[in-house]
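Got the viewer open and a selection box ready? Load the model below and we'll walk through it stop by stop.

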Amino acid sequence: MPEISDLSHRSNINTKHTYNSEVVIYEDHRTILNVLYFLKKNELGAFPIDLFMFDDHDDFVKPLAPALERIAEFNQNAPTEREFWSFTEFDLRVKDDDWVKAGMELGLINNVFLFHSSKASYSFSEAYQTQNFGEKRVYNMGAVWDALGFHGALDDFSNEAEYGQLWQDMGWIKNNGKFEINRINDYIVDFDLDCFSTYIADKNYAIPEEILIKKFEEYRRSENHYYSQPLTFVKKLIENCFLTTVCYENNSCGGIRESHKIFDTFDFLFFDREIGD
């Protein structure tokens, strides 16, 4: 029976088993479709699946017509893994910016909850009607500490008209006076490391370690009379997810050195340095 660890037999993919989650690591973000297709083909998860996505970009460009034609063929006759991997490599955009809609069209991706994007094309939410798998929704949550803070999208329960659909799609409920995610093993937490970079003097750089750690560890005041910690929120997401995926995207982080700086901080914050060895 195939296992997630079998993905490490492919080039550009590493897998790690950690206390909180299985982790798959690669370079280009569109590689996530190869991962999802492997899981679906081998019945290792239920699809389409939600993504909690941490990325400086939304990657929500519509695939070009030739790619959509190939997707229509795949939906009629399931491709081999070799055929599918060739599709992601040569038919999708090399900018790695159309894989979300491609995944939705393939029945791999359901709704997306986007965090830490400074370049998202939608301000809060947008719907996308696929050809075969119904309507999918994407949500721009902003930085996680803002989403969890005073009058944030995950705190302002006085504004159900604006956020009600989000809470329903996300599984965000009140439990013992606090609000939290009420779901286990039915979503993926996906990280593009460029979400922890910043643009200075015409170049991207890793946000300094001490700044990121401070932002994730500080407690945010909530409208609901308790304090929440972004680090706890993200680690809980990882603990309860089906899988964690991580892409380096060196070019978007400012280069190989900068992406590795981000990875080291990321590993420290969320995995207690389990995945860096």
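Start by selecting Lys203 and Tyr205: the charged end of Lys203 sits over the ring of Tyr205, 4.6 Å from its centre. Keep in mind throughout that this is a predicted model.

**The hairpin around that pair**

Widen the selection to strand S11, residues 203-206, and add strand S10, residues 197-200. These two pair in the antiparallel sense over 4 bridges. Together S10 and S11 make a hairpin, with 2 residues between them. Click on Ala201 in the turn and check its backbone: phi is positive there, about 50 degrees.

Two cross-strand partners are worth labelling. Ile200 has Lys203 as its bridge partner in S11, and Thr198 stands opposite Tyr205.

Now show side chains along S11. Which of them are buried? Asn204 and Ala206, which point to one face, are buried, while Lys203 and Tyr205 point to the other face and are not. In a regular strand, side chains alternate between the two faces of the sheet.

While you have charges and rings on display, hop over to Lys101 and Phe60. Lys101 lies over the face of Phe60, at 4.4 Å from the ring centre.

**The open sheet**

Next, switch to cartoon and pick out the 8 strands that form an open sheet, in the order S1-S2-S14-S9-S3-S4-S6-S5. The pairing is mixed. Strand S1 (13-17) and strand S5 (125-129) stand at the edges, each with a single partner strand, so one side of each has no neighbour in the sheet. Step across from strand to strand and you'll find a twist that averages 20 degrees from one to the next.

Zoom in on the S1 edge. S1 and S2 pair in the antiparallel sense over 5 bridges, and they form a hairpin with 4 residues between them. For a landmark, take Asn14, which stands opposite Ile25 in S2.

Then move to S3 and strand S9 (residues 187-192), which run parallel and are joined by 5 bridges. Here Met53 is the residue to label: Asp190 in S9 stands opposite Met53.

**Helix H1 and the loop after it**

Select helix H1, residues 31-41. H1 lies across S1, strand S2 (22-26), S3, S4, S9 and strand S14 (243-247), and it runs at about 140 degrees to S2.

Follow the chain into the loop between H1 and S3, where you'll find Gly45. Is Gly45 buried or partly exposed? Its relative accessibility is 30%, so Gly45 counts as partly exposed. Leaving aside neighbours within four places in sequence, Gly45 is in contact with Leu39 and Phe242. If you like distance labels, draw one from Gly45 to Asn240: they are 195 residues apart in sequence and 14 Å apart in space, C-alpha to C-alpha.

**Rings between strands**

Colour the aromatics next; the structure holds 25 aromatic pairs. One of them is Phe113 with Tyr139, a stacked pair at 5.6 Å centre to centre and 5 degrees between the planes. Phe113 lies in strand S4 (residues 109-115) and Tyr139 in strand S6 (residues 135-140), so the pair ties together parts that are 26 residues apart in sequence. Phe113 counts as buried because its relative accessibility is 0%. Tyr139 has 2% relative accessibility, so Tyr139 counts as buried too.

**Helix H6**

Stay with S4 and S6 on screen and add helix H6, residues 160-170. Its buried residues are Tyr163, Gly164, Leu166, Trp167, Asp169 and Met170. They pack against strand S3 (49-54), S4, S6, strand S7 (172-175) and strand S8 (178-181). H6 is followed by Gly171, which has a positive phi, near 80 degrees.

**Last stop: helix H10**

Finally, select residues 256-271, helix H10. What should its 16 residues span? At 1.5 Å a residue, the expected span is 22 Å, and the end C-alpha atoms are 21 Å apart, which agrees. Show the side chains and look for the buried ones, among them Phe263, Phe266, Phe270 and Phe271. Glu258 and Asp267 are also on the buried list. H10 is followed by Asp272, where phi is positive, near 50 degrees.

Terms used
Residues are numbered from 1 along each chain as its sequence is written. This is a predicted model: local features need pLDDT of at least 70, side-chain atom pairs count only at pLDDT 80 or more; totals for chains, interfaces and linings use all residues. Side-chain values use heavy atoms; hydrogens and water are left out. The expected span of a helix is 1.5 Å times one less than its number of residues. Buried means under 20% relative accessible area, exposed over 50%, partly exposed in between (1.4 Å probe, protein chains only). Rings of Phe, Tyr and Trp (its six-membered ring) pair if their centres lie within 6.5 Å; planes under 30 degrees apart count as stacked, over 60 as edge-to-face and the rest as tilted. A charge sits over a ring if NZ of Lys or CZ of Arg is within 6 Å of the ring centre and within 35 degrees of the ring normal. Contact means heavy atoms within 4.5 Å. Two strands pair if DSSP finds at least two bridges between them. Axes are lines fitted to C-alpha atoms, for helices over the stretch in contact, and angles run from 0 to 180 degrees between N-to-C directions.
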